[in-house]
Structures are given as structure tokens and as C-alpha cells.
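Student: I would like to take a close look at a single part of this model. Could you go through it with me slowly?

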Amino acid sequence: MRTAFYISDGTAITAEVFGHALLTLFPAQFEHVTIPFVETADMAEQVKQRINDRYKTTGQRPLIFQTFVDDQLRQIINSSNGVCYDFLNTFVEPIQRELGVAPVPKTHRTHSIHEQSYDFRIDAVNFALANDDGSNLKNFDQADIILVGVSRSGKTPTSLYLALQYGIKAANYPFVEEDMQQLHLPEVLKRNKSKLFGLTITAERLSQIREQRRANSRYASLRQCQLELAEVENLYQREQIPFLNSTHLSIEEISAKIIAKTGLKRHKY
């Protein structure tokens, strides 16, 4: 198995995101190793030795995805036995030519805290936690979006991701077994219908997820999952609520698709 290192004198988040995106294009298995905050020459030398040791052990050159601002640290890693891909400096020169402005390197600039963005995200996370699973319905009027769906369809993790990553205030409301006889929108959801976004999932996947929570229960049975999903999807269509099937999507993909479909304002930067 080939090893992929993600290394930076910052958080290494950029290296991870770009590196993972590239490697998913290839039908191969990788061991992923992330090393953030390599901020001194001694630390860089230690990482270089780790890369070289991996090469000796496996006989294969590790892939190195790096985003160093400090040129000295970059050169140390480049002198290792890995194959280095430098994301930042690949683009610096052509962008400099286009803008006519010289770059001013600064460690941690990409992920340093912007006060307003940080405040938005913390407020949004607190809001998502306080308004999870249909609690505090009186606060739903303040939501940017309200996710609806059956239990375990991905509402809570998506709400938290939208809050933490984008500063979006997301509440969520579950449709449970007791609702299925006469499924309708409660008054608070009717009042905020323009904010509603539905999640659905295949019955087979939902049953698997619920089985982990309540094994051998009616709640987790395939029949019950099929019944609930059919009722909820009919409601989406009847009330013209936009919705998304989350079965084969990551939380990141679900969130990005919701933002694209709704035009929600991000408070990320």
C-alpha cells in the first residue's frame, strides 16, 4: 500500500483536501498520514526521516502533498525520498503575473481566525445544538434552514456541519412513526415552509443505520423504514419541499448540495 503524507507549517487542511481529492481519482489503496504545524528546521528534519524510513520499509516512494509557506522547510521536505507535490507554489507565480502583485508569505494565513466569521460559526453551532431533533420549536423562526426527514436520515450531522463550516443556523425536525398515520406539516413548519429542506435515504441503508442503534426492533425493520420513507417522500412532493437522497453522499457533499440548491449565504470567510 502506498503512503500519502499531508504536511504543512500550518494546519495541513489545505494539503489534505487537495491531496484526497486527487487520490480519489485513482483506483488504489493509500495509507494517509497528516502532519500539521511543522514549524522549525528540526521538526522538518524529523518528518523527512519519517518519510525516508517509510520508503526503506515499503520500497515505494511516499507521495508528499505539502503547503509550506517557509521556503527552508519546504526544501528540507523536498530533499526526502518522497515524491513531492507543492500546491501553493505551483500557483503563486502565475497568479503573481496576473495580479501584478508580489505575494507576502505568512504562516497560518489560510485558517487564521476572522473574528466575524468565527462568531457566526460559534453562534450557529450553539443554535444547531439547541434546536436539534425538533426541540425549541419557538426558535425555528430564527433558523436559516430547517432540515426535515425520518429519524437517522442525516439531519443532525448535516445541521452541525453547516453551522461549523459555514456559520449557517440550521434547525432540524424529525418525522417519527407516530406521525405516519396522518403525516402533515405542523404549524411551525408551515410558517417557515420556505426554509424547509428534506433528506431521504434508501430503506435498506436506513435499516442498517437503525439496526446499529436498536437491533432487532420494529424501528429498524426494513418494512417500517419503507413505510416511513414512502410517507415522507409523498409529503415532500405534495408540499413541494426540495429534498435530497443522502444514501451515497458524505456530510460534506450533502451540505454543499443543500447550499447550491437553496442559495444559502455562507459566513465562512
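Student: At which residue does H4 bend, and by about how many degrees?

Tutor: Please keep in mind throughout that this is a predicted model. The bend in H4 lies at Glu-93 and amounts to about 30°, and a proline, Pro-94, follows within four residues of it. To place this along the helix, note that H4 covers residues 87–99, which makes 13 residues, and that the span from its first C-alpha to its last is 19 Å, close to the 18 Å expected at 1.5 Å a residue. If you then turn to the two ends, you will find that at the start of H4 a side-chain oxygen of Asp-86 comes to within 3.4 Å of the backbone nitrogen of Leu-88, while after the helix comes Gly-100, which has a positive phi, near 70°.

For a second view, away from the helix, look at two loop residues. Ser-151 sits in the loop between strand S5 (145–150) and helix H6 (155–166), and with a relative accessible area of 18% it counts as buried, because the cut-off is under 20%. Its side chain makes a polar contact with the side chain of Tyr-219, at 2.6 Å, and, leaving aside neighbours within four places in sequence, Ser-151 also touches residues including Phe-175. Leu-185, in the loop between strand S6 (170–175) and helix H7 (187–191), is buried with a relative accessible area of 2%, and Phe-175 is likewise among the residues that Leu-185 touches.

Methods. Residues are numbered from 1 along each chain as its sequence is written. This is a predicted model: local features need pLDDT of at least 70, side-chain atom pairs count only at pLDDT 80 or more; totals for chains, interfaces and linings use all residues. Side-chain values use heavy atoms; hydrogens and water are left out. Buried means under 20% relative accessible area, exposed over 50%, partly exposed in between (1.4 Å probe, protein chains only). Contact means heavy atoms within 4.5 Å. A polar contact is a pair of N or O atoms within 3.5 Å; within protein, one must be able to donate a hydrogen and the other to accept it, and residues adjacent in sequence count only if both atoms are side-chain atoms. The expected span of a helix is 1.5 Å times one less than its number of residues. The bend at a residue is the angle between axes fitted to the seven residues ending there and the seven starting there.
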